[in-house]
Amino acid sequence: QFGFDWYPFIDYVWGLKIAYISIPLMAISLVGFFSQCFQEIVSKYFVRVNHTLSVIELILLVVLPQAMYQRLFIYYQVYLLIGIVTLFYYCIRAVIQDKEGALLYTVGLLVFGAAALNDILYTMVLIQTGFYLGIGLIVLILSQAIIIASRFQQAIDQEERLKNNLESIVIQRTEELKQERNMFEHLSKVDSLTHIYNKRFLSEAMNIEFEGFRRYQGIFSVIMFDLDHFKRINDTYGHLVGDEVLYQLANLVKNHTRRTDVVGRFGGEEFLIIMRFTGLKEALNHAENLRRAVEHYVFNTEAGDIRVTASFGVSEIQGTDLTEEDVVRRADTALYFAKENGRNRVSDGTI
């Protein structure tokens with residue numbers, strides 16, 4: 001009606017046809033919107049029926065002359081009443097289930113339905129008031145717009161929460177990876193049986209000490225030792241008992257060694273101690289203390305109490321050493337000397 005008032009040059013037949021066409025388009029839009037907002041409530045069959053009938057009505061409105069589509073339109077109006085009642089039913093279900101926006105949409109649909117019913121009765125010349133469908137449509141669109149805005153805001157809030165959660169997860173995972181990396185670094189340096197340093201780390205530590213000696217003349221000594229007749233323990237009690245003896249021996253040596261010294265398992269039953277800033281005499285005294293501690297220690301195992309002794313070889317860095325291996329080689333030679341001269345003793349290769 002407004003179009004005819006504002007643009008009188010529009011052909012009445014086409015203007016009327018456009019007005020009629022807008023009604024099935026609104027039906028498609030209305031049901032489509034509702035089905036998207038409340039997918040779990042609306043029957044898909046109802047949506048398909050609505051869209052099918054509305055498309056058929058659109059085709060008829062386009063191809064038929066005015067007199068024919070106006071006579072047929074009454075049947076589509078009957079369907080519209082049924083469709084609006086059906087939507088009210090779905091709205092009530094949505095309100096009962098406390099779906100978000102259901103109450104607001106129901107109010108908008110009530111206003112729109114009342115306006116549509118009024119205009120239908122007006123076209124049937126049953127009442128004198130008409131053309132309220134636009135007002136009802138505005139109210140319905142406003143309710144839809146509020147629902148969309150609310151859901152957009154919720155989506156934004158959810159995205160923000162997910163972003164914050166993701167940042168927390170990333171921080172947490174980064175910390176876990178850092179801990180795992182530290183754990184793997186620790187495991188790469190530690191012997192799995194005795195839980196003291198392994199041969200690889202001992203070699204790295206020896207290299208550092210040797211470089212320090214070359215640059216700053218910082219002396220250091222090494223002590224190499226192993227258990228006397230350890231093969232007898234394995235043969236008599238089994239390797240599990242032998243492993244337990246090695247584990248307890250490592251703890252005993254750690255507890256009798258300075259924190260600045262490096263204690264590690266060199267291989268098999270052989271152990272190595274790197275004593276920083278320590279000369280040969282002090283290293284010999286420390287090795288003797290360790291020998292006595294091992295001799296008097298009772299190894300408590302599943303096979304019973306076991307007593308063992310150990311032999312020690314000691315060497316000090318010298319200016320003629322070309323590599324750190326020379327220091328270790330002399331300590332190994334001294335250990336062999338101690339074994340050959342009765343075991344359970346400390347030697348620097350000369351005593």
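How much area does the protein expose, and what share of it do carbon and sulfur atoms supply? In this predicted model, the exposed area is about 20900 Å², and 60% of it is supplied by carbon and sulfur atoms. The protein contains 11 helices and seven strands. The points below describe its dimensions, its interior and charges, and one residue, Phe 73.

**Overall dimensions**
- The radius of gyration of the protein is 47 Å, whereas a compact globule of 351 residues would have a value near 20 Å.
- The C-alpha trace spans about 130 × 50 × 30 Å along the principal axes of the protein.

**Burial, contacts and charges**
- Of the 351 residues in the protein, 39% are buried.
- Among contacts with a separation of 6 or more, 66% join residues that are 24 or more positions apart.
- The protein carries 33 positive and 40 negative charges, and the mean positions of these two sets are 1 Å apart.

**Phe 73 and its surroundings**
- Phe 73 belongs to helix H4, which covers residues 66–96.
- Phe 73 counts as buried because its relative accessible area is 4%, and the cut-off for burial is under 20%.
- Apart from neighbours within four places in sequence, the residues in contact with Phe 73 are Tyr 20, Ile 23, Glu 57 and Leu 61.
- Between Phe 73 and Leu 246 there is a sequence separation of 173 residues, and their C-alpha atoms are 98 Å apart in space.

Definitions and conventions: Residues numbered from 1 in each chain as written. Predicted model: local features only at pLDDT ≥ 70, side-chain atom pairs only at ≥ 80, totals over all residues. Heavy atoms only, no water. Helix = DSSP H or I, 4+ residues; strand = E, 2+ residues; numbered from the N terminus. Rg over C-alpha atoms; globule rule 2.2 N^0.38 Å. Buried < 20%, exposed > 50% of the residue type's maximum accessible area, 1.4 Å probe, protein only. Contact = heavy atoms within 4.5 Å. Areas by Shrake-Rupley, 256 points an atom, 1.4 Å probe, with all protein chains shown as cover. Lys, Arg positive; Asp, Glu negative; His and termini not counted. Charge placed at Lys NZ, Arg CZ, Asp CG, Glu CD.
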